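Visitor: I have come with a list of questions about how the terms used for this protein are earned. Could you take me through them?

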Amino acid sequence: VQLQAFGGGLVQPGGSLRLSCAASGSILSINGMGWYRQAPGKQRELVATISSGGVTNYADSVKGRFTISRDNAKNTVYLQMNGLKPEDTAVYYCNANLMSAASSWYRSYWGQGTLVTVSS
């Protein structure tokens, strides 16, 4: 099982980016999916999560600016980021709680991270 994230880059303050993360491999079922971020010198923090039924949860710092969504048919989770601020600069990691053909229980998988830099 592999999670691969795409979409990071350099953007000016106030700009937008869309991150995507696709899970691949022998996947039987995916429960929750989400995005986390880690800024230089800081701990990794939750950005947003989405359940298999589409229930979402956001960090207070991104509410109203970021939108998480998922395509269950494609095993993919997205993060639309609008109104980006310099403090959003971080490596963004996707996460999925899923069951693979190799196990009989759900476990957490992480993507490799994609860098988002917000700067003028």
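Guide: Gladly, and we can begin with a term: a nonpolar core is a set of buried Ala, Val, Leu, Ile, Met, Phe, Trp, Tyr and Cys residues joined through side-chain atoms within 4.5 Å. Buried means under 20% relative accessible area, exposed means over 50%, and partly exposed is in between, with a 1.4 Å probe and protein chains only. The largest such core here has 32 residues, and those with the most contacts inside it are Trp35, Leu79, Met81 and Tyr92.

Visitor: What kind of model is this, and how are residues numbered?

Guide: This is a predicted model, in which local features need pLDDT of at least 70 and side-chain atom pairs count only at pLDDT 80 or more, while totals for chains, interfaces and linings use all residues. Residues are numbered from 1 along each chain as its sequence is written, and side-chain values use heavy atoms, with hydrogens and water left out.

Visitor: Which strands supply at least two residues of the largest core?

Guide: Strands are DSSP runs of E with at least two residues, numbered from the N terminus (helices are runs of H or I with at least four). Among those that each supply at least two core residues are strand 1 (2-6), strand 3 (17-24), strand 8 (76-81) and strand 11 (114-118). Strand 9 gives the most, with five residues.

Visitor: Why is Cys94 called buried?

Guide: Cys94 has a relative accessible area of 0%, which is under the 20% limit, so it is buried. Cys94 lies in strand 9, and its C-alpha is 8.1 Å from that of Gln4, although the two are 90 residues apart in sequence.

Visitor: How do you know whether Trp105 is buried or exposed?

Guide: Its relative accessible area is 55%, over the 50% limit, so Trp105 is exposed. Trp105 lies in the loop between strand 9 and strand 10. Trp105 and Phe6 are 99 residues apart in sequence and 27 Å apart in space, C-alpha to C-alpha.

Visitor: Why does Asn75 count as partly exposed?

Guide: Its relative accessibility is 23%, in between the 20% and 50% limits, so Asn75 is partly exposed. Asn75 is found in the loop between strand 7 and strand 8, and has a positive phi of about 50° although it is not a glycine.

Visitor: What makes Tyr36 and Trp110 an edge-to-face pair?

Guide: Rings of Phe, Tyr and Trp (its six-membered ring) pair if their centres lie within 6.5 Å; planes under 30 degrees apart count as stacked, over 60 as edge-to-face and the rest as tilted. The structure holds one aromatic pair. The ring centres of Tyr36 and Trp110 are 5.0 Å apart and their planes are at 65°, so the pair is edge-to-face. Tyr36 lies in strand 4 (residues 27-38) and Trp110 in strand 10 (residues 107-110), so the pair ties together parts that are 74 residues apart in sequence.

Visitor: How do you know that the charge of Arg107 sits over the ring of Tyr109?

Guide: The rule asks for NZ of Lys or CZ of Arg within 6 Å of the ring centre and within 35 degrees of the ring normal. The charged end of Arg107 sits over the ring of Tyr109, 4.2 Å from its centre. Similarly, Arg18 lies over the face of Tyr78, at 4.1 Å from the ring centre.

Visitor: Is Tyr109 buried or exposed?

Guide: At 13% relative accessible area, under the 20% limit, Tyr109 is buried, so the term fits. Tyr109 lies in strand 10, and its C-alpha is separated by 6.4 Å from that of Asn97, twelve residues apart along the chain.
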